[in-house]
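User: I would like to learn how to read pockets, helix packing and backbone angles in a model. Could you walk me through them?

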Amino acid sequence: MELRHTPEEIAFRDGLRKTFREKIPAEIRQKVSEGRHLSRDEIAASHRILHAEGLATPNWPVEWGGKDWTPVQRYLYVEEVQFNAVPMPLSFNVAMVGPVIANFGSQQQKEKFLPATASLDIWWAQGFSEPGAGSDLASLKTSAKREGDHYVVNGQKTWTTLGQYADWIFLLVRTDPAAKKQQGISFLLVDMKTPGITVRPIITIDGAHEVNEVFFDDVKVPVENLVGEENKGWDYAKFLLSNERTNIARIGFSKEKLELVKARAKETPSGEGMLWDDADFRRRIAIAEIELKALEITQMRMVAAQRHRASDKPDPTSSILKIKGSEIQQMTTELMMTVAGPFAAASPEHSHNAPPVGPDWAEAVAPQFFNYRKVSIYGGSNEIQRNIIAKAFLGL
Amino acid sequence: MDFDLTEDQRLLKDSVDRLIQDNYGDFEKRKTHQADSRGYSPKLWAQYAELGLLGLPFSEEQGGFGGSAVDTMNVMETFGRGLVLEPYLATVVLGGGFLRFGGSAAQQAALIPGIVDGSTTLAFAQIEAQSRYDLFDVATTARRVGSSWLLNGAKSLVLHGDSADHLIVSARTAGSRRDRDGISLFVVPAKAAGVSRRGYATQDDLRAAEIAFDSVLLPQDALLGEPGAGLPLMERVVDAALAALCAEAVGAMGALHELTLDYLKQRKQFNTTIGSFQAVQHRAADMLVALEQARSMAMYAAMMAEHPDAATRRPAIAAAKALINRSAELIGKEAIQLHGGIAMTMEYKAGHYFKRLTMLGSQFGETDQHLRLVAERGLTEAA
């Protein structure tokens with residue numbers, strides 16, 4: 001039993017760290033670190049740099065630009081991306097639709113979509129959730145009726161993250177209304193320029209336009225854009241969601257955020273000294289640090305166990321990572337609220353050269369705290385994760 | 001990184017698991033062990049010696065088996081599952097730790113063979129009426145008289161001190177009560193003139209003793225380690241004990257969680273098993289999350305337990321114990337609540353796990369003490 005990484009693993013990690021710090025523009029990393037939203041161009045620029053370095057799609061099959069990495073290397077990669085405040089390559093492309101097409105798509109689909117998906121020449125959005133299908137995703141109603149050589153799609157998707165920038169969207173649609181819930185669902189690829197698609201912004205409580213509603217009104221989709229078999233879409237979705245959950249602990253993010261909390265607390269006057277000298281505050285940091293250390297080891301145990309598992313099977317401990325990981329991420333945003341103190345309240349207008357209220361980073365703190373309530377909801381809410389644990393793990 | 005056990009570690013673990021299952025699996029057997037005048041089974045203690053458990057942490061030159069903290073973790077986890085009564089922590093981990101880290105060659109040669117073969121037991125006499133959890137708060141004194149030491153004072157809650165053959169006693173040889181310097185450690189035969197002991201049971205069915213030292217005359221070589229430098233040695237040994245307690249807690253928590261799950265699948269109310277209720281399922285799921293976090297920290301503690309640099313080791317061990325205490329509290333209380341009335345009975349095992357976990361939580365510091373240490377020192381990266 002050995003907790004430390006091997007010299008080879010450390011060299012691998014240091015190599016990634018060097019690349020990330022040298023190649024990704026400092027302004028972009030600073031914005032990520034401060035919890036500000038990136039523009040379309042910034043997300044694209046960062047993604048394309050990673051792609052040029054061969055670091056956008058490491059988990060894909062090697063023939064489509066992936067790396068033959070060990071589970072430990074994959075884990076170190078995700079942790080280093082997050083720890084260095086590098087924007088993750090667009091997850092809809094890299095972690096979601098790419099692997100689905102690579103595993104279940106036709107040769108024609110692979111050739112048409114995978115290179116452009118890796119390079120972000122196609123920007124994908126995820127069309128899964130609906131107003132009536134959240135945690136109970138399989139109750140989705142958006143329909144696709146076969147008419148000759150195309151499907152006609154009608155319905156509504158929601159929580160479509162960054163859908164305002166998307167070129168294409170991958171959809172779960174109901175192709176067999178008579179079949180039982182999970183069995184009549186198919187996985188469709190849809191060009192966002194197709195007539196009948198309307199994107200409407202949803203402004204979240206942090207004031208940001210991150211998510212959207214997408215409406216489909218008699219949208220014609222060629223049948224060649226069906227992935228895999230008709231009515232097997234639920235299997236592909238489960239495969240996709242299991243990829244999403246393996247990275248969901250976000251250890252690197254919370255580590256970076258805790259370092260920032262500490263650094264800022266040391267510069268923040270409080271009472272006779274600095275906030276860092278406040279024993280109650282330090283106790284809260286200690287609790288977060290301890291939980292994070294435990295989760296890091298839990299994650300490492302899961303990664304190490306992958307050597308003994310079939311690689312395509314999701315590990316049920318991902319639910320534990322999701323619950324604890326989201327709680328710790330939220331804890332770090334709460335600590336940052338305390339560091340900002342009264343200045344967290346200001347919501348200044350961004351007019352011309354207006355001076356910041358308090359430290360220049362403070363204005364982004366409350367929005368991120370508000371925004372991060374999402375992490376215990378998305379990717380299968382923490383309550384759904386508890387259901388999974390109870391049923392799949394505990395046999396209840 | 002690597003979380004696999006070696007072949008040797010796995011084989012040892014399997015043997016210990018079997019032995020404890022055979023001798024503690026039936027809860028009635030534990031009552032028999034407890035009824036012995038020593039409060040545990042001398043017969044089982046001899047079997048631990050046969051299996052090599054009592055020599056586990058000692059080097060081969062010392063007559064032991066050269067095991068690591070990971071081996072101790074495996075043994076203690078199994079002992080936690082069984083709610084084992086034998087004085088492994090007191091004799092092998094604490095007493096053995098003092099000999100390993102601070103004992104002279106002569107002291108090691110005098111005591112380790114007896115520990116390894118099961119004929120000698122030890123106890124650590126540290127707590128005093130006023131000391132609470134501060135290892136450095138020592139009012140007991142040892143004064144040089146010619147070439148001897150004269151020991152005076154009183155120790156409380158000495159784990160297995162009622163039956164131990166030798167006591168490791170912290171005493172002040174210089175300075176005042178709460179000075180960090182000036183503390184020394186002594187090996188004291190329990191039957192030495194001037195030592196009086198009053199043994200009693202603890203809440204979790206272990207044994208402890210109040211021990212008075214009334215002008216106990218000790219030879220010069222009773223001193224263990226450097227005079228006046230006892231605190232860092234105690235911290236090192238106590239960290240090894242905390243790592244072992246973390247493993248014991250994980251064993252007890254795991255077994256208690258399983259016991260609870262079994263009950264949830266059997267007990268019927270409103271014409272269905274109570275485990276089918278979501279309000280109950282989510283609490284059982286939260287217990288598992290707490291257990292897995294605790295298991296991770298027990299491994300962390302094992303891997304950090306013998307780190308020679310105190311500035312790295314101490315916050316790491318404190319972090320492990322703080323998290324494990326919180327997990328143990330959640331799992332212990334939830335297990336009782338989810339069982340309902342049955343877990344309130346002395347007859348049923350769940351309550352005994354709860355009691356052991358509760359008492360274990362305050363051994364060598366409660367959550368507050370450990371959190372304070374982490375808050376003051378911070379965690380450093382292991383990798």
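**The second largest pocket**

Analyst: Happily! This is a predicted model. Let us begin with the second largest pocket, which holds about 1200 Å³ of space.

User: Which residues lie nearest the centre of the second largest pocket?

Analyst: B:Tyr133, B:Ser362, B:Gln363, B:Phe364 and B:Gly365 do, out of a lining of 44 residues. By class, that lining splits into 23 nonpolar, 10 polar and 11 charged residues.

User: Which element gives the most to the lining?

Analyst: That is α11(B), with 6 residues. Other elements of chain B that supply at least two lining residues each include α5 (88–102), β3 (148–159), α7 (230–266), α9 and α10 (349–362).

User: Let us turn to helix packing. How are two packed helices described?

Analyst: Two values are used: the angle between the axes and the distance between them. Take α9 (residues 310–339) and α11 (residues 367–377) of chain B: their axes lie 8 Å apart, and the packing angle is about 140 degrees.

User: Why are α9(B) and α11(B) called oblique to each other?

Analyst: Their angle is about 140 degrees, and only angles over 145 count as roughly antiparallel; the pair is therefore oblique. The crossing of α9(B) past α11(B) is left-handed.

User: Which residues make that contact?

Analyst: On the α9(B) side they include B:Arg314, B:Pro315, B:Ala318 and B:Ala322. Among those on the α11(B) side are B:His370, B:Leu371, B:Val374 and B:Arg377. The contact residues comprise 7 nonpolar, 3 polar and 4 charged.

User: May I see a case from chain A as well?

Analyst: Of course. Helix α4 (residues 71–83) and helix α9 (residues 279–305) of chain A cross at roughly 145 degrees, and their axes come within 9 Å. Here A:Pro71, A:Val72, A:Tyr75 and A:Glu79 of α4(A) meet A:Glu296, A:Gln299, A:Met300 and A:Val303 of α9(A). This contact has 5 nonpolar, 1 polar and 2 charged residues.

User: And backbone angles: what sign does phi have in most residues other than glycine?

Analyst: In most of them phi is negative. In this model, A:Arg250 has a positive phi, near 50 degrees, though the residue is not glycine. A:Arg250 sits in the loop between α7 (233–246) and α8 (251–267) of chain A.

User: Where does B:Leu83 lie?

Analyst: B:Leu83 is in the loop that runs between α4 (69–82) and α5 of chain B. Phi of B:Leu83 is positive too, near 50 degrees, in a residue other than glycine.

Definitions and conventions:
Residues are numbered from 1 along each chain as its sequence is written. Chains are lettered from A and ligands numbered from 1 in the order in which they are written. This is a predicted model: local features need pLDDT of at least 70, side-chain atom pairs count only at pLDDT 80 or more; totals for chains, interfaces and linings use all residues. Side-chain values use heavy atoms; hydrogens and water are left out. Axes are lines fitted to C-alpha atoms, for helices over the stretch in contact, and angles run from 0 to 180 degrees between N-to-C directions. Helices (H or I, at least four residues) and strands (E, at least two) are DSSP runs, numbered from the N terminus. Angles under 35 degrees count as roughly parallel, over 145 as roughly antiparallel, 65 to 115 as roughly perpendicular and the rest as oblique. A crossing is left-handed if the near helix is turned anticlockwise from the far one by less than a right angle, and right-handed if clockwise. Contact means heavy atoms within 4.5 Å. Ala, Val, Leu, Ile, Met, Phe, Trp, Tyr, Cys and Pro count as nonpolar, Asp, Glu, Lys and Arg as charged, and the others, Gly among them, as polar. On a 1 Å grid over the protein atoms alone, a cavity is a set of points where a 1.4 Å probe fits but cannot get out, and a pocket is an open set with protein on both sides within 12 Å along at least five of seven lines; lining residues have an atom within 4 Å of a point. Grid points are joined across faces, edges and corners, and a volume is the space filled by probe spheres set on the points.
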